[in-house]
Amino acid sequence: IAIADVALIKIHNFDAHDFANIAWSLAIAETEASDLFAAIADIAILKLEAFSPQDLANTAWAFATTCMHAPIFLNAIADVALPKISNFSQQALANTAWAFATAKIQAYPLFDAIAQATIIILNDCTPQNIADILF
């Protein structure tokens with residue numbers, strides 16, 4: 001049995017951090033697991049309020065990196081991220097902006113919030129983070 005198959009069996013027991021870590025790990029490993037990504041989108045959407053800013057950023061990044069088409073899920077991430085955006089690190093801001101641009105999700109309120117948050121921390125941003133946000 002593959003790890004993704006075991007994760008599918010246990011997915012209802014996952015917490016927010018588990019969802020983010022599994023999605024991120026699959027993306028990093030370049031593992032084809034569309035069934036697991038679909039299950040994450042279907043189940044994690046009900047638990048998004050519990051996601052930390054890092055969990056939201058990593059999950060959006062994983063979906064964009066693997067080209068998983070999940071606009072409803074990604075729009076839900078955008079909605080949950082908005083009130084938390086001031087708590088995003090510069091890396092989380094950059095990853096989130098990159099993920100939504102790459103996935104072609106037109107989450108304009110989120111992009112505006114990322115831009116405003118970036119202005120506040122601009123002096124501390126690395127050149128790579130600025131480039132990622134501008135992408």
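The legends below accompany an overall view and several close-up views of a predicted model.

**View 1. The overall fold of the predicted protein is built from helices.** The secondary structure comes to eight helices and zero strands, so that reading along the sequence gives the pattern α-α-α-α-α-α-α-α. Along its principal axes the C-alpha trace spans about 50 × 25 × 25 Å, and the radius of gyration is 14 Å, which agrees with the value near 14 Å that a compact globule of 135 residues would have. Of the contacts between residues at least 6 apart in sequence, 71% join residues at least 24 apart.

**View 2. The surface of the protein and its charged side chains.** The accessible surface comes to about 7300 Å², and carbon and sulfur atoms account for 59% of that area, while buried residues make up 46% of the 135 residues. There are 4 positive and 13 negative side chains, and the centres of these two sets lie 5 Å apart.

**View 3. Confidence along the chain, with helices H5 and H8 as the two extremes.** The average pLDDT of the protein is 91, and 96% of the residues score at least 70. Confidence is highest in helix H5 (residues 71-81), at a mean of 98, and lowest in helix H8 (residues 127-134), where the mean is 73.

**View 4. The surroundings of Ile40 in helix H3.** Ile40, which belongs to the helix spanning residues 34-44, has a relative accessible area of 0% and therefore counts as buried, the cut-off for that class being under 20%. Leaving aside residues up to four places away in sequence, Ile40 touches Ile11, Phe19, Ile22, Ala23, Ile45, Phe63 and Phe73. The C-alpha atoms of Ile40 and Ala7 are separated by 9.9 Å, although the two residues are 33 residues apart along the chain.

**View 5. Cys67 in the loop between helix H4 and H5.** Cys67 follows helix H4 (53-65) in the loop that leads to H5, and its relative accessibility of 67% means that this residue counts as exposed, since the exposed class begins over 50%. Cys67 is not a glycine, yet its phi is positive, at about 60 degrees. Most residues other than glycine have a negative phi.

**View 6. Lys104 in the loop between helices H6 and H7.** The loop that holds Lys104 lies between helix H6 (90-102) and helix H7 (108-121). Lys104 has a positive phi of about 60 degrees without being a glycine, and with a relative accessible area of 69% this lysine is exposed.

Conventions:
Residues are numbered from 1 along each chain as its sequence is written. This is a predicted model: local features need pLDDT of at least 70, side-chain atom pairs count only at pLDDT 80 or more; totals for chains, interfaces and linings use all residues. Side-chain values use heavy atoms; hydrogens and water are left out. Helices (H or I, at least four residues) and strands (E, at least two) are DSSP runs, numbered from the N terminus. The radius of gyration is taken over C-alpha atoms; the globule rule is 2.2 Å times the number of residues to the power 0.38. Buried means under 20% relative accessible area, exposed over 50%, partly exposed in between (1.4 Å probe, protein chains only). Contact means heavy atoms within 4.5 Å. Accessible areas come from the Shrake-Rupley method with a 1.4 Å probe; for residues, only the protein chains shown count as cover. Lys and Arg count as positive and Asp and Glu as negative; His and the chain ends are not counted. The place of a charge is taken as NZ of Lys, CZ of Arg, CG of Asp or CD of Glu. pLDDT is the predictor's confidence in each residue, from 0 to 100.
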